[in-house]
Amino acid sequence: MIRYILRRLAAGVVLLLVVTMVVFAIFFLLPRLAGTDSDALAARYIGKSPSPEAIEATKERLNLDEPITVQYWEFVSGLVMGQDYDSGTDIIRCDAPCFGYSFKTNTEVWPQLMDRLPVTGSLAIGAAVIWLVAGVSIGVLSALRRGSLIDRAAMMTALAGVSLPIFFTGLVSLALLSYYWPIFPPGGSYTAFTENPLAWAHGLVLPWVTLAFLYAAMYARLTRAGMLDTMGEDFIRTARAKGLAERKVVTKHGLRAALTPIITIFGLDFGLMLGGAVLTESTFSLPGLGKFAVDAIRGNDLPVVLGVTMFTAVFVVIANLIVDVLYAWVDPRVRVGA
């Protein structure tokens, strides 16, 4: 198991390096291949109607006139060791990990990401618990009651959950449960968990349910399909022939084997969720990473967009590492064959 984890950690480091290459290529290399010169690229980091002096200063700050290999080295070294930006009158220090510096607001991107991470983290964790419990439970029940009224009703609800977009279900829930019946606070209300746990949960119930409804529907369908395949295997019939209780057969043997694809997709979904639930945060006006990125796109604040992109990619890689370890714990054949 230790060797398996070490191999996965080494692969994760390599994957992180590849991620930095891809992100750097998207923001710096591809625009040049498309014909964008240094002046036009620098103007994207400033905003609308930049002056020639501001463009020239930005080119020097980002080393846009340097060879592409030098720019990539500065980009990677900034993530690990921090980076200095020359403002013309002073040297601006961006401490590690430096995910960029917004020249529009004259602030580092990393502290802003950390300020918004608790909001996105609260949204992702709460919704993940709901969609895992609800999705897996409904999927197992539907598989065990295949063809029944419960199965058909559950799958119809799951189909509706997959089909309805978040901005529709979110606005409907706000209209009914916040404005028509003032049961929950309207969008834009967020209380930190450390200040008031009850107010924190009460303000996030609607975003949790809205976000979990989409994912719970997908997980219910996946769990049902996995359970139907697993419950027909030979080892399930052997377990029943040995006289094991049906609950033990379902939970210990059937469900455990059916959970392997669920764990894989959950790691990816949760990693992307921590990077920012864009639609949910925008619908409910939550000041998280997703809304932060949307506001940066509208304001043409490219360093912030770059920082959120890199931050999301790192979280997905970390989630993949955790999934690999859990996968090996659930299915020992994975670590034996790896």
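Helices are runs assigned by DSSP, of at least four residues, and are numbered from the N terminus. In this predicted model, residue Asn300 comes just after helix H12 and takes a positive phi of about 55°. Most residues other than glycine have a negative phi. A positive value of about 55° is also found at Ser285, although Ser285 is not a glycine. Ser285 lies in the loop between helix H11 (278–283) and H12. With a relative accessibility of 35%, Ser285 counts as partly exposed.

Helix H12 itself covers residues 289–298 and holds both Lys291 and Asp295. These two residues are four positions apart, which is about one turn of the helix. Their side chains meet in a salt bridge, with 3.2 Å from N to O. Lys291 is partly exposed, at 23% relative accessibility, and Asp295 is partly exposed as well, at 37%. Because buried means under 20% relative accessible area, the 23% of Lys291 places this residue in the partly exposed class. Other residues of H12 are buried, namely Leu289, Gly290, Phe292, Ala293, Val294 and Ala296.

Three salt bridges are found in the whole structure. Besides the pair in H12, one of them joins the side chains of Arg224 and Asp151, at 2.8 Å from N to O. Arg224 belongs to helix H8 (residues 197–230) and Asp151 to helix H6 (residues 149–163), so this pair ties together parts that are 73 residues apart in sequence. Both Arg224 and Asp151 are buried. Another salt bridge is formed by the side chains of Asp95 and Arg93, with an N to O distance of 3.5 Å. Asp95 is partly exposed, at 45% relative accessibility, and Arg93 is also partly exposed, with a relative accessible area of 40%.

The disulfide is considered next. A disulfide is a covalent bond between the sulfur atoms of two cysteines. The structure contains one disulfide. This link is formed by Cys94 and Cys98, whose sulfur atoms are 2.2 Å apart. The link of Cys94 and Cys98 is right-handed, with 105° about the S-S bond. Cys94 and Cys98 are both buried, whereas Asp95 is partly exposed.

The UniProt record, an unreviewed entry, places the feature "transmembrane region" at residues 9–30, 123–144, 156–180, 200–220, 257–279 and 304–330. Two of these spans were examined for their secondary structure. Residues 123–144 are 100% helix and 0% strand, and the C-alpha atoms at the two ends are 32 Å apart. Residues 200–220 are likewise 100% helix and 0% strand. In the span 200–220, the end C-alpha atoms are separated by 28 Å.

Helix H8 also contains Thr210. Thr210 is buried, with a relative accessible area of 6%. A polar atom of the Thr210 side chain lies 2.8 Å from the backbone oxygen of Leu206.

At the surface, a nonpolar patch of about 880 Å² is made by Leu164, Phe167, Phe168, Val172, Leu176, Tyr180, Trp181, Ile183 and Leu279. Helix H7 (residues 166–180) gives the most to this patch, with five residues. Tyr180, one of the residues of the patch, is found in helix H7. Tyr180 is exposed, with a relative accessible area of 59%. Because exposed means over 50% relative accessible area, the 59% of Tyr180 places this residue in the exposed class.

Positions distant in sequence were also compared. Leu15 has its place in helix H1 (residues 2–33) and counts as partly exposed, at 36% relative accessibility. Leu15 and Ile318 are 303 residues apart along the chain, and their C-alpha atoms are separated by 10.0 Å.

How values were computed
Residues are numbered from 1 along each chain as its sequence is written. This is a predicted model: local features need pLDDT of at least 70, side-chain atom pairs count only at pLDDT 80 or more; totals for chains, interfaces and linings use all residues. Side-chain values use heavy atoms; hydrogens and water are left out. UniProt positions are given in the numbering used here, feature names are shortened, and annotations may be inferred rather than shown by experiment. A disulfide is a pair of cysteine sulfur atoms within 2.5 Å. Buried means under 20% relative accessible area, exposed over 50%, partly exposed in between (1.4 Å probe, protein chains only). Patches are made of residues with over 30% relative accessible area and no salt bridge: like charges are joined within 9 Å, nonpolar side chains (Val, Leu, Ile, Met, Phe, Trp, Tyr) within 5 Å. Accessible areas come from the Shrake-Rupley method with a 1.4 Å probe; for residues, only the protein chains shown count as cover. A salt bridge is a side-chain nitrogen of Lys or Arg within 4 Å of a carboxyl oxygen of Asp or Glu. A polar contact is a pair of N or O atoms within 3.5 Å; within protein, one must be able to donate a hydrogen and the other to accept it, and residues adjacent in sequence count only if both atoms are side-chain atoms.
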